[in-house]
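These are my notebook entries on one structure, kept in the order in which I looked things up. The sequence and the coordinates come before the entries.

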Amino acid sequence: MEQRRDIFQAIADPTRREILSTLIEEPKNLNTLAEQFSISRQGVSLHVKVLEECDMISISKEGRERYCHIKPEKLLEIIEWLEPFKQLWRDRFDQLDDLLKNIK
């Protein structure tokens, strides 16, 4: 049974994170997307495939072109996962603030 990749595998790679950032502005066709990176078009296509498998982007065909569209709702899963850590760091900074006040 083939295991599906998850969103954390998608964002683990800096190139894939950059692709996602690029797609925030507007959908891009694969050639335009590939021109923005110093890796081969095939390399960009492999990253795009991973993002699509993780359901972070969708690809639509318009004529001969294939356009990549970001699916921002998938980022909510990351935000939800990070939420407990956000509170942890707030608590730690509050403790540091208290410590620094007591030192003065």
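**Entry 1: elements**

How many helices and strands does the protein chain have? I counted 5 helices and 3 strands. I note at the outset that the model is a predicted one. Reading from the N terminus, I listed the elements in the order α-α-β-α-α-β-β-α.

I then turned to the overall extent. The radius of gyration of the protein chain came out at 19 Å, whereas the globule rule gives 13 Å for 104 residues; the value is well over the rule, so I recorded the chain as more spread out than a compact globule. Along the principal axes, I found that the C-alpha trace spans about 65 × 35 × 20 Å.

**Entry 2: surface, contacts and charge**

I looked up the share of buried residues and obtained 26% of the 104 residues of the protein chain. For the accessible surface of the chain I noted about 7800 Å², with 52% of this area belonging to carbon and sulfur atoms.

I next considered contacts between residues at least 6 apart in sequence, and found that 50% of them join residues at least 24 apart. For the charges, I took the mean position of the 17 positive ones and that of the 20 negative ones; the two positions lie 3 Å apart.

**Entry 3: the sheet**

In which order do the strands of the open sheet lie? I wrote down β1-β3-β2 for the 3 strands, with antiparallel pairing. Strands β1 (28-29) and β2 (57-62) are the edge strands, each of them pairing on one side only.

I then examined the pairing of β2 with β3, which covers residues 65-70. The two strands run antiparallel and are joined by 6 bridges. At the level of residues, I noted that Ser60 stands opposite Tyr67 in β3.

**Entry 4: Leu51**

I selected Leu51, which is located in helix α4, residues 41-53. Is Leu51 buried or exposed? Its relative accessibility is 0%, and because buried means under 20%, I entered Leu51 as buried.

Which residues are in contact with Leu51, leaving aside its neighbours within four places in sequence? I listed Ala10, Arg16, Ile19, Leu20, Met56 and Ile57. One of these, Arg16, I followed further: Leu51 and Arg16 are 35 residues apart in sequence, while their C-alpha atoms are 7.2 Å apart in space. Another residue in contact with Leu51 is Ile57, and I noted that strand β2 spans 57-62.

Methods. Residues are numbered from 1 along each chain as its sequence is written. This is a predicted model: local features need pLDDT of at least 70, side-chain atom pairs count only at pLDDT 80 or more; totals for chains, interfaces and linings use all residues. Side-chain values use heavy atoms; hydrogens and water are left out. Helices (H or I, at least four residues) and strands (E, at least two) are DSSP runs, numbered from the N terminus. The radius of gyration is taken over C-alpha atoms; the globule rule is 2.2 Å times the number of residues to the power 0.38. Buried means under 20% relative accessible area, exposed over 50%, partly exposed in between (1.4 Å probe, protein chains only). Contact means heavy atoms within 4.5 Å. Accessible areas come from the Shrake-Rupley method with a 1.4 Å probe; for residues, only the protein chains shown count as cover. Lys and Arg count as positive and Asp and Glu as negative; His and the chain ends are not counted. The place of a charge is taken as NZ of Lys, CZ of Arg, CG of Asp or CD of Glu. Two strands pair if DSSP finds at least two bridges between them.
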